[in-house]
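This report describes a single structure in terms of its helices, charged pairs, surface and backbone. Please consult the sequence and the model while reading.

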Amino acid sequence: MYVREATVSELPDVMNILDGAALSIDVETVRAGIADDGTLVAVSENGERVLGAVVLDGEHIVAVAVRRRRRGQGIGTALVEAAADRRERLTADFDADVRPFYEGLGFDIERADEAGRWRGVWDS
């Protein structure tokens, strides 16, 4: 598995992965991320299958998701680490159940709102 910038032809695969993770992100946001080199994909070793994706809007992680059967294999971590290699700073907003993921990556975490959302910041 390796991580690289997504191509426009991979837009359906990326949307399928994001939809499978029940993330509400519109296709135009993902398309813009691809155009701005802000959408990264993790692909199988032969490069034929997209396994996961992270979508950035500048320094903000809009979405990160991995195919259901491939979760727990370090793919999400590899995606966020690759995004961090491309940015000096990353931010993310997320629910409490994802907090351990971001803490494990070294994000500084704080409560974002009373509804139980959290915000993470990573600086190089």
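## Salt bridges

A salt bridge is counted here when a side-chain nitrogen of Lys or Arg is within 4 Å of a carboxyl oxygen of Asp or Glu. The structure is a predicted model, and a search of the whole of it finds seven salt bridges. Side chains of opposite charge can pair when their charged atoms come close.

The side chains of Arg89 and Glu59 form one such bridge, with an N to O distance of 2.8 Å. Arg89 belongs to strand β5 (residues 89–95), whereas Glu59 sits in the loop between β3 (50–57) and β4 (60–66), so this pair ties together parts that are 30 residues apart in sequence. Arg89 is partly exposed, at 30% relative accessibility, and Glu59 is also partly exposed, at 34%. Both residues take part in a network of salt bridges that links Glu59, Arg89 and Asp123.

## Pairs within helices

Two further salt bridges each join residues of one helix. Glu28 and Arg31 meet through their side chains at 3.5 Å, N to O. Both residues lie in helix α2, three residues apart, which is about one turn of the helix. Glu28 is partly exposed, with a relative accessibility of 48%, and Arg31 is partly exposed at 36%.

In the second pair, Glu103 bridges to Arg99, and their closest N and O atoms are 2.9 Å apart. These two residues are in helix α4 (residues 99–104), four residues apart, again about one turn of the helix. Glu103 has a relative accessible area of 39% and is partly exposed; Arg99, at 26%, is partly exposed as well. The spacing in both pairs can be read from helix geometry. An α-helix has 3.6 residues a turn, so residues three or four places apart point the same way.

Helix α4 also contains Pro100. Pro100 is exposed, because its relative accessible area of 52% is over the 50% cut-off. Its C-alpha atom is separated by 18 Å from that of Arg70, a residue 30 positions away along the chain.

## Helix α3 and buried residues

Does the length of helix α3 agree or disagree with its number of residues? The helix has twelve residues (75–86), and at 1.5 Å a residue it should span 16 Å; the C-alpha atoms at its ends are 17 Å apart, which agrees. Within α3, the buried residues include Ile75, Gly76, Ala78 and Leu79. Val80, Ala82, Ala83 and Ala84 are also buried in this helix.

Another buried residue is Ile17, which has a relative accessible area of 3%. Ile17 is located in helix α1 (residues 11–20). Its C-alpha atom and that of Thr91 are separated by 21 Å, with their positions 74 residues apart along the chain.

## A negative surface patch

Which residues form the negative surface patch? Its members are Glu5, Asp36, Asp37 and Asp57. Asp36 occupies the loop between α2 (27–35) and β2 (39–43), and Asp37 is placed in the loop between α2 and β2 too. Asp36 is exposed, with a relative accessible area of 59%, whereas Asp37 counts as partly exposed at 39%.

A further acidic residue, Asp113, is found in the loop between β6 (108–111) and β7 (117–123). At 30% relative accessibility, Asp113 is partly exposed. The C-alpha atoms of Asp113 and Leu11 are 32 Å apart, and the two residues are 102 residues apart along the chain.

## Backbone with positive phi

Most residues other than glycine have a negative phi, and most peptide bonds are trans. Asp37, in addition to its place in the negative patch, has a positive phi of about 60° although it is not a glycine.

Ala22 likewise has a positive phi of about 60° without being a glycine. Ala22 is situated in the loop between α1 and α2. With a relative accessible area of 68%, Ala22 is exposed.

Notes. Residues are numbered from 1 along each chain as its sequence is written. This is a predicted model: local features need pLDDT of at least 70, side-chain atom pairs count only at pLDDT 80 or more; totals for chains, interfaces and linings use all residues. Side-chain values use heavy atoms; hydrogens and water are left out. The expected span of a helix is 1.5 Å times one less than its number of residues. Buried means under 20% relative accessible area, exposed over 50%, partly exposed in between (1.4 Å probe, protein chains only). Patches are made of residues with over 30% relative accessible area and no salt bridge: like charges are joined within 9 Å, nonpolar side chains (Val, Leu, Ile, Met, Phe, Trp, Tyr) within 5 Å. Accessible areas come from the Shrake-Rupley method with a 1.4 Å probe; for residues, only the protein chains shown count as cover. Lys and Arg count as positive and Asp and Glu as negative; His and the chain ends are not counted. The place of a charge is taken as NZ of Lys, CZ of Arg, CG of Asp or CD of Glu.
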